[in-house]
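Student: Please take a close look at one part of this model and describe it in detail. Which helix would you pick, and what does it take part in?

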Amino acid sequence: MPSSLASNRSRSRRPSETDLSLEYHRDLAGRLSGDCVFQVMEDQLHWMCELASSLSVDQTDKVHPPYGWTIRQVIGHCADAERIWGDRMLRLAAGDPNDQLAWDENAYADARFGLGNMRDLISELGYCRQANITLLRRINPTAWNNVGSVDGNRISVRGIAWVAAGHLQHHFEIIEKRCDIQVSRKPAMT
């Protein structure tokens, strides 16, 4: 196995108890299959495109009870979250000792309601995900072990990467359920 591939697998391995202090974060990471967060995140780019191409305009702007957001708002939320995960990974990888603040996802979703067409929102989410994958590939492998706190809760760079992937999977699964669709989650093997 080439050393760069071995290095990627070593640093992107599943998080341990010391990487994630919140049960909610451990749950998000635990829902994911596989042992390499790079592969999970890259597969989600495919899932994102397949999901977007399967949604109708009627589905994207409808609130599907019991949920309070439209699909458009959910995708906007996912893009916002992806940006925040990336900022947190960058800060922790750099050794920033400051506690990072929580964010009010509802205020963000309410502020952006109705903005952006779905194609642009999916593109934004995809670009943010690609930027985060690129960031993770370029940071020093030992920086994946850096631990900091978010709203007083302990988390590592590795933990954030897995939580970001788990968060996206959580919302994509809800979208599939809400819209009664199921799409390919991974590219076909060739």
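**Helix α8 and its surroundings**

Tutor: The lining of the largest pocket takes at least two residues from each of α2, α5, α6 (105-112) and α8, where helices are DSSP runs of H or I with at least four residues, numbered from the N terminus. The model is predicted, so local features need pLDDT of at least 70 and side-chain atom pairs pLDDT 80 or more, while totals for chains, interfaces and linings use all residues. Residues are numbered from 1 along each chain as its sequence is written, and side-chain values use heavy atoms, without hydrogens or water.

I pick α8, residues 157-179. Its 23 residues should span 33 Å at 1.5 Å a residue (1.5 Å times one less than the number of residues), and the end C-alpha atoms are 33 Å apart, which agrees. Of these residues, 21 are buried, meaning under 20% relative accessible area with a 1.4 Å probe, protein chains only. At the start of the helix, a side-chain oxygen of Ser156 comes within 3.4 Å of the backbone nitrogen of Arg158. After α8 comes Asp180, with a positive phi near 55 degrees.

The largest nonpolar core (buried Ala, Val, Leu, Ile, Met, Phe, Trp, Tyr and Cys joined through side-chain atoms within 4.5 Å) has 53 residues, and Phe172 and Ile175 are among those with the most contacts inside it. At least two residues of this core come from each of α2 (23-30), α3 (37-54), α5 (71-93), α7 (118-138) and α8.

As for the pocket, 17 residues line it, and Tyr24, His25, Trp85, Trp103 and Glu105 lie nearest its centre.

Notes. Buried < 20%, exposed > 50% of the residue type's maximum accessible area, 1.4 Å probe, protein only. Polar contact = N/O pair within 3.5 Å; in protein donor to acceptor, adjacent residues only side chain to side chain. 1 Å grid on protein atoms, 1.4 Å probe; cavity = no way out; pocket = protein on both sides within 12 Å on 5 of 7 lines; lining within 4 Å.
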